[in-house]
Structures are given as C-alpha cells and as structure tokens.
Amino acid sequence: MFVVSFIPAFKDNYIWLLTEGKRAFVVDPGDAAPVQARLEADGLALEGILLTHHHADHQGGVAELAARWPVRVYAPGNESITGCTHPLSGGECIEVLGQPVRVMAVPGHTRGHLAYCADGALFCGDTLFGAGCGRLFEGTPAQMSASLASIAALPDTTRIYCAHEYTEMNLRFAMAVEPENTALQTRVASVAGLRAAGLPSVPSTLAEEKATNPFLRCQEPAVVAAALRQGATAREPVAVFAAIRGWRNNF
Ligand SMILES: [Zn+2]
C-alpha cells in the first residue's frame with residue numbers, strides 16, 4: 001500500500017500525496033507550486049494525478065505539473081478538465097503505484113464528482129467532509145444522498161481523506177443539529193485539541209463520521225426531528241438531508 005501524506009494549499013485545501021518509494025501520485029493539485037516544491041524536497045517522481053472534480057482549487061495545478069512530468073491524469077469524463085488523459089465515469093478499477101483503486105461516482109457537489117477508494121482509504125474530494133458534506137452546486141439532494149449512502153456502505157475503518165480542513169466549522173453546525181450526541185461532544189473536544197496543536201483533523205474514519213456527521217445520520221430520530229423543525233416536508237432520508245443541507249447553507 002502506498003504511503004499517504006498531505007501538501008497544504010491555499011487557505012484550507014489538502015492535496016494528498018501518495019508515494020511508493022520515490023514514485024508519487026497526487027490527488028486534486030489545485031496549485032502546482034507546493035506540489036513541485038515537495039517533489040523536489042523529497043526527490044520524488046510524479047507519475048499520475050487523480051482528480052475528483054473540476055473546481056479550480058482541485059485542478060488548477062494540473063497543466064503546470066503535466067508540463068514537467070509525464071503524468072497520467074484521471075478525472076471525471078463529463079466535466080471540463082485541463083489535460084485529462086484517462087476520463088472516468090465511476091465503476092472502473094485503476095492501478096495507482098501498484099495498488100488497485102476503485103473509482104466511485106459520487107455526484108452532488110458537481111455532476112461528475114468521483115471518489116477513489118484504495119485499500120482502507122477513500123479520497124472523496126468535496127463530497128464528504130469531516131462532520132459535513134459538500135454544497136450541492138450541480139446535483140440534487142437525491143443524488144448527494146445516494147452518493148453519501150454508497151460511501152457509508154464502505155468498511156467502518158475506511159480513512160476519509162477529504163480535500164478541505166472544514167471539520168471544526170462543520171462540528172459547530174453538527175452540534176446545532178444534535179446537541180445531545182455524546183460522540184459528537186467528544187469529537188468537538190478532540191478536534192479542538194488537534195487544531196490548537198496545529199494538526200490536521202483529517203483523515204477521520206468512516207465510523208467517526210457515521211457517529212457524528214449529520215449528513216450520514218438522516219435516519220436518526222434526533223436528526224429527523226431537527227430537519228422537521230427546519231421545514232422538512234417528510235421524514236424520509238432525502239427530505240431530511242435536503243432540509244439539513246439547506247439549513248447548513250445559511251448557518
Ligand atoms: Zn469543489
């Protein structure tokens with residue numbers, strides 16, 4: 001299994017660096033400069049790029065990196081991506097540094113959003129965040145609910161490598177949804193400790209997300225009740241998800 005580390009970019013993005021010896025892949029390089037600096041510092045050779053979706057803070061560094069390295073660029077085939085060499089639609093299995101990686105279609109944040117699932121690790125871009133989920137820029141609540149359900153069906157030990165450090169902010173919202181959730185209260189304290197020490201809150205595990213992330217808990221009575229107070233039109237999970245997501249947009 002490749003080793004995973006992160007390259008910080010912009011204000012709160014994580015560019016995930018996958019290495020096997022001196023061979024490297026990066027996930028969502030929104031900016032080439034910090035990636036190039038890390039490759040040089042560690043003497044790494046970049047072989048490929050995995051993109052989850054088309055937003056500039058995820059693909060902005062691709063052209064510059066592809067000009068310097070003979071990279072394969074895997075990306076959603078139905079989104080506008082600079083330099084995509086391997087268009088994907090979900091369901092494929094690709095090889096990354098000798099490791100099989102399963103491609104999942106997780107539309108909602110964007111219409112072609114992909115997640116990449118390796119042995120125990122999920123690179124999910126802006127779909128699932130620590131204690132939150134991405135905004136619905138191009139998809140519907142039903143699509144995002146189905147995407148999150150497909151992630152929730154992975155093993156509980158799966159490490160969730162999302163693309164932003166949003167956990168602390170998301171936890172404040174999660175506490176407004178479920179103030180009595182003791183797992184959530186515990187996570188608030190542990191994430192505050194990590195952030196105060198300058199450490200990332202990512203990756204979390206899927207088990208932690210299922211216990212504390214309101215968007216994975218749309219069948220929990222407390223989350224359903226909160227959604228109904230926010231004007232949910234029904235108790236079924238998509239309606240609950242839509243109401244909670246709408247509340248979060250204005251939180
Ligand atoms: Zn995005």
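Author: Two strands pair if DSSP finds at least two bridges between them; helices (H or I, at least four residues) and strands (E, at least two) are DSSP runs, numbered from the N terminus. This is a predicted model, in which local features need pLDDT of at least 70 and side-chain atom pairs count only at pLDDT 80 or more, while totals for chains, interfaces and linings use all residues. Residues are numbered from 1 along each chain as its sequence is written.

Reader: In what order do the 6 strands of the open sheet lie?

Author: The pairing in this sheet is mixed. Its edge strands, each pairing on one side only, are β7 (93-96) and β14 (204-205). The order is β7-β8-β9-β10-β13-β14.

Reader: Which residue of β13 is the bridge partner of Gly125?

Author: Strands β10 (residues 121-125) and β13 (residues 159-162) run parallel and are joined by 4 bridges. In β13, Gly125 has as its bridge partner Cys162.

Reader: What arc around the axis do the buried residues of α8 cover?

Author: Buried means 20 or more other C-beta atoms (placed from the backbone) within 10 Å of a residue's own, exposed 12 or fewer, and partly exposed in between. In α8 (residues 221-229), Val223, Val224, Ala226 and Ala227 are buried. They sit on the same side of the helix because the directions from the helix axis to their C-beta atoms span an arc of only 160°.

Reader: Which residues are exposed on the other side of α8?

Author: The buried residues of α8 are covered by elements including α5 (167-177) and α9 (237-249). On the other side of α8, the exposed residues are Pro221 and Arg229.

Reader: Within what arc do the buried residues of α6 fall?

Author: Helix α6 (residues 182-196) buries Leu184, Arg187 and Val191, which pack against α5 and α7 (206-212). On the other side, Thr182, Ala189, Ser190, Gly193 and Ala196 are exposed. The buried residues line one face of the helix, since down its axis they fall within an arc of 55°.

Reader: Which element gives the most to the largest nonpolar core?

Author: Such a core is a set of buried Ala, Val, Leu, Ile, Met, Phe, Trp, Tyr and Cys residues joined through C-beta atoms within 7 Å. The largest one has 73 residues, and Val26, Ile49, Phe123 and Val240 have the most contacts inside it. With 6 residues, the element that gives the most is α9.

Reader: With which residues is Val240 in contact, leaving aside its neighbours within four places in sequence?

Author: Contact requires C-beta atoms, placed from the backbone, within 7 Å. With those neighbours left aside, the partners of Val240 are Cys218, Val223, Val224, Ala227, Ala232 and Arg235.

Key:
Contact = placed C-beta atoms within 7 Å.
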